[in-house]
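Trainee: Could you take me through one part of this model up close, the place where the ligand sits? Feel free to start from wherever you like on the chain and work your way in.

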Amino acid sequence: MSTHKPLVFSGVQPTGNLHLGNYLGAIRNFVKLQKSYSCLYCVVDMHAITVWQEPGELRNATREVASAFIAAGVDPETHIIFNQSQVPEHAELAWIFNCVARIGWLNRMTQFKDKAGSNREKASVGLYAYPNLMAADILAYRATHVPIGEDQTQHLELARDIAQKFNTDFGVPDFFPQPEALLQPEGARIMSLKDGTKKMSKSDPSDQSRINLNDDADAIAKKIRRARTDPEPLPDTMAGLASRPEARNLIGIFAALDDKTADEVLREFAGAEFSRFKAQLTDLCVDRLGPIGAEMKRLTADPAYVEGVLARGAARARAIATPILAEVFDVVGFIRAKN
Ligand code: TRP
């Protein structure tokens, strides 16, 4: 890893089927960032177990996310792909952050409230402390840039607050940097194919609502054909789609996959019926996702290779985190043999 470029850290949870939303909202951006940053991309298996995971499925999903990174074009030699639990510094720093962050801060986290729902008493302590672990992920490397979706901005704010409080409490002003979000543009928010007001999600009971990264061409074609639309033809600007969320979503997907703006796509399809647009969208999806799906399939058949990538990535990640943690322990007042 070259050290003169600023450091990016991001994490993806291994909790089941990766879909088009994960690709366009996160993974594709990870690929692009490789040019300007040194990147650590982490499969956050420790975050995943904040809610119950079947151990065998967790292992499969961890390899699947790593495979998706590789298949999409993340280079695991120039950059680093690893799983979180294989670098113990994350847990070590998270504990210290458990003692820096305030209960009042965590009480304000909207994602905890959403995920714990009405039964907070039954939520795991890990789910509550989740943002502290996320702060540790980033700060164990002193990463300065963090590609995230809108839904993680509050967690990143908390990481900044933790960094600041650590620096102040221990009187070490520039010890941790203030990590910055690299937010995805609005168009990258991919919605359900069945309801344009809901995010595309792996937890939607209908598989028809999402395009999975391992869907074959037939499945992609079928899902797009059945995607919800409305009876109007397409307008010539996005302003004309204000109250048509499903149409807006499909145009957004086309634009993202074709690296165009939504208005450029509409200029191409102004006045068109959905049937023609959907046929083209299918071709584009198959063209862009087909090779990724095929490569993921190949990698899935070679778990030893993928685990080798994770192990080498973890060793390289540790080489960055270990000296930083040694400084942290010293600042905090923990006695450690120096070696
Ligand atoms: N919490 C993030 C999510 O659910 C995943 C994540 C864990 C992460 N650690 C991170 C993202 C560090 C960015 C940086 O999407």
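Mentor: Let's start with a loop and work from there: Asp-259 lies in the loop that joins α10 (245–257) to α11 (262–269). Keep in mind that this is a predicted model. Asp-259 has a positive phi of about 55°, and it isn't a glycine. Most residues other than glycine have a negative phi, so that backbone angle deserves a second look. With 56% relative accessibility, Asp-259 counts as exposed, because the cut-off for that class is over 50%.

Arg-142 makes a nice companion. Its phi is positive too, at about 50°, and again the residue is not a glycine. Arg-142 counts as partly exposed, though, with a relative accessibility of 23%. You'll find Arg-142 in the loop between α7 and β4, and those two elements bring us to the ligand.

Now for the part you asked about. The ligand takes up the space of the largest pocket. β1 (7–12), α7 (125–139) and β4 (145–148) each give at least two residues to the shell around the ligand. The largest share comes from α7, with four residues. Sorted by class, the shell has seven nonpolar residues, five polar ones and one charged one.

Of the 13 residues around the ligand, the ones that come nearest are Gln-13, Tyr-130, Met-134, Asp-137 and Gln-152. Three of these are worth zooming in on for their polar atoms. Tyr-130 has a polar side-chain atom 2.7 Å from a nitrogen atom of the ligand. For Gln-152, an N or O atom of the side chain sits 3.0 Å from a ligand nitrogen. Gln-13 has a polar side-chain atom 3.3 Å from an oxygen atom of the ligand. As for cover, the ligand on its own has 370 Å² of accessible area, and the protein covers 89% of that.

Stay on Tyr-130 a little longer, but switch from side chain to backbone. Its backbone oxygen lies 3.2 Å from a polar atom of the His-47 side chain. His-47 is found in helix α2 (residues 45–48). With a relative accessible area of 2%, His-47 is buried, because anything under 20% falls in that class. That gives you Tyr-130 with its side chain by a ligand nitrogen and its backbone oxygen by the side chain of His-47.

Notes: Residues are numbered from 1 along each chain as its sequence is written. This is a predicted model: local features need pLDDT of at least 70, side-chain atom pairs count only at pLDDT 80 or more; totals for chains, interfaces and linings use all residues. Side-chain values use heavy atoms; hydrogens and water are left out. A residue is near a molecule or strand if one of its heavy atoms lies within 4 Å of it. A polar contact is a pair of N or O atoms within 3.5 Å; within protein, one must be able to donate a hydrogen and the other to accept it, and residues adjacent in sequence count only if both atoms are side-chain atoms. Accessible areas come from the Shrake-Rupley method with a 1.4 Å probe; for residues, only the protein chains shown count as cover. On a 1 Å grid over the protein atoms alone, a cavity is a set of points where a 1.4 Å probe fits but cannot get out, and a pocket is an open set with protein on both sides within 12 Å along at least five of seven lines; lining residues have an atom within 4 Å of a point. A molecule sits in a cavity or pocket if more than half of its atoms lie within 2 Å of its grid points. Ala, Val, Leu, Ile, Met, Phe, Trp, Tyr, Cys and Pro count as nonpolar, Asp, Glu, Lys and Arg as charged, and the others, Gly among them, as polar. Buried means under 20% relative accessible area, exposed over 50%, partly exposed in between (1.4 Å probe, protein chains only).
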